[in-house]
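I opened this notebook to record, entry by entry, what I looked up in the structure shown below. I begin with helix packing and come to the domains and the chain contact afterwards.

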Amino acid sequence: MINVDAVTIDHGQGEQTVRAVENVSFRLEKGKSLALIGPSGCGKTSLLFALSGLLAPRTGKIMIEGEEVKRPRRDVALILQNAGLLPWKTVWQNANLSLLLNGDFPQQNAAKVLAHLGLDNVMSRFPAELSEGMKRRVGIARALSTSPSVLLMDEPLASLDTLTREKIQDLFLNLWHEHGFSMILVTHNIEEAAFLGQRIIVFTERPARISATIDNPQMGSLDYRDDPTFQRVMSQLREALEV
Amino acid sequence: MKRILTYVISIAALFFVWEMASIAVNAINQAPLLPGPFDALSQVVKNAAELQRNFAASAWRLILAILISLATAMPLGLLIGREPTLDRFLSPIIYITYPIPQVALILFLFLVLGTGSATKVVMVTLALFYQILVSARGAAKNIDEEYVTSVLSAGATRWQVYRHVILPASLPQILTSLRVSIGLGIAFLYIAETRAALGTGLGSFINKYMLFRRDKAFAGIVAMAILGLLLYIGVDLIERILCRWKYVKRRPLK
């Protein structure tokens, strides 16, 4: 269970303080998925960083599994916009980053995930040698190498072409079913939110406040994109975002 | 192979210009002031043993100075680049002392450290120190924060952020500035070596012969050029090994 309780996040100090997130509360049950959508730069990424323990809220509390989040947790993985790969490390080293840093995650995990994602023949390559889609898959392998119970994603599919984007959305859906982690996805893409979010929270312009919550219980299958409900959820989202 | 060929062609061109300059200078002054490249090269062969001794003396001073300046300026520069409080305190000191020509300290160094190798190594270290410090600071300041966030979210400690992100991300820029600074280091070494009477090193060799045996002095200059070139190639090779990721083919695999 993830519990976000009246969280407000500020950046900077003194007179230069900028409010990024204002009084946001929500809950997410174990194994469920949630999409956070809002205009670019509204502060949703700050909220995600607070969830991952990289940033402390000014007021309010974030609890994961009954424990207040104060620093990065081992059971929470974060996937960044550009996959967050280190250019000077090989695919194998990047996928094993948590193991490299903490020393006590089983290596077989990363190997298994890399093989599953079709990356076992590029393990000794550097990120610069990979296509954009492959880089994202390495980022996913890195996140899954620690068998997380929560997967946080910050616009993980930004700047991908449509086809690769859909392929990786499908991959996320399959991995979610397979691994059973809770998933929080930050996006500004309506279609992505409707495809991957069981619940979708819509944010206002900065500072981010919740302006609407849309339930999307029928998501979860690969052919959901052809479902009329999918189209309906997308129009609801468009309306909520005042597009 | 192609690289070696271009080297050969450029050296031939250099010798040609040198020979022309030698003919012109000597004709104008009506005295053999500037020896040509072949006079100098034949002196390199004739004085091989003496040159080798002095070459070795200069080479180890330079290498030692490179190692000391890397070991001190690199960590300090990276720290200043990443820790704002440290930057606020130390940057003013750096920018006040940076423009002081370190050569101005040479007599003082001779007084304190004597006329042996210590002064010469310190002199070159001082020159390289600032170059490396400033480039390490700049490189560390400009690192894409996504890399830092990436390792922090995976549970990295502060030390691990330096080890896995700040250092490898800054290394190419630091090594490039080191490569560029080798010329400066050699100039400082030359000055230090010529100031110490009866010392070893290519600087004192050149100095000793410049007035009466210019062909030998120019053999020393050739040796100094070779030393610079070898160090340049050495740093280049080290960069290609340590920063292999910068040189991979950027042709995305499917």
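Entry 1. I am working with a predicted model, and I started with α8(B) and helix α9 of chain B, residues 202-209, whose axes I found 7 Å apart and packed at an angle of about 60°. I noted that an angle between 35 and 65 degrees falls outside the parallel and perpendicular classes, so α8(B) and α9(B) are oblique to each other. For the hand of the crossing of α8(B) and α9(B), I wrote down right-handed.

Entry 2. Which residues make this contact? On the side of α8(B) I listed Leu189(B), Tyr190(B), Ala192(B), Glu193(B) and Thr194(B), and on the side of α9(B) I listed Leu202(B), Gly203(B), Ser204(B) and Asn207(B). When I sorted the residues of the contact of α8(B) with α9(B) by class, I had four nonpolar, four polar and one charged.

Entry 3. I then turned to α7(B) and α8(B), whose axes come within 10 Å and cross at roughly 155°. Since angles over 145 degrees count as roughly antiparallel, I entered α7(B) and α8(B) as roughly antiparallel to each other. I also recorded that α7(B) passes α8(B) in a right-handed crossing.

Entry 4. For this contact I noted Tyr147(B), Val148(B), Val151(B) and Leu152(B) from α7(B), which meet Gln160(B), Val161(B), His164(B), Val165(B) and Ala169(B) from α8(B). How many of the residues in the contact of α7(B) with α8(B) are nonpolar, polar or charged? I counted seven nonpolar and two polar residues, with no charged residue in the contact of α7(B) with α8(B).

Entry 5. Next I looked up the division of chain B, which I found given as domain 1, covering 1-34, and domain 2, covering 43-245. Taken over C-alpha atoms, the centres of domain 1 of chain B and domain 2 of chain B are separated by 29 Å.

Entry 6. Last, I went to the place where the chains meet, and there I found 21 residues of chain B in contact with 22 residues of chain A. The elements that give two or more residues to the side of chain B that touches chain A are α7 (145-153) and α8 (158-195) of chain B. Which element gives the most to this side of chain B? I entered α7(B), which gives seven residues. By class, I divided the residues on the side of chain B that touches chain A into eleven nonpolar, six polar and four charged.

Terms used
Residues are numbered from 1 along each chain as its sequence is written. Chains are lettered from A and ligands numbered from 1 in the order in which they are written. This is a predicted model: local features need pLDDT of at least 70, side-chain atom pairs count only at pLDDT 80 or more; totals for chains, interfaces and linings use all residues. Two residues are in contact if their C-beta atoms, placed from the backbone, lie within 7 Å. Helices (H or I, at least four residues) and strands (E, at least two) are DSSP runs, numbered from the N terminus. Ala, Val, Leu, Ile, Met, Phe, Trp, Tyr, Cys and Pro count as nonpolar, Asp, Glu, Lys and Arg as charged, and the others, Gly among them, as polar. Domain bounds come from an automatic or database domain assignment. Axes are lines fitted to C-alpha atoms, for helices over the stretch in contact, and angles run from 0 to 180 degrees between N-to-C directions. Angles under 35 degrees count as roughly parallel, over 145 as roughly antiparallel, 65 to 115 as roughly perpendicular and the rest as oblique. A crossing is left-handed if the near helix is turned anticlockwise from the far one by less than a right angle, and right-handed if clockwise.
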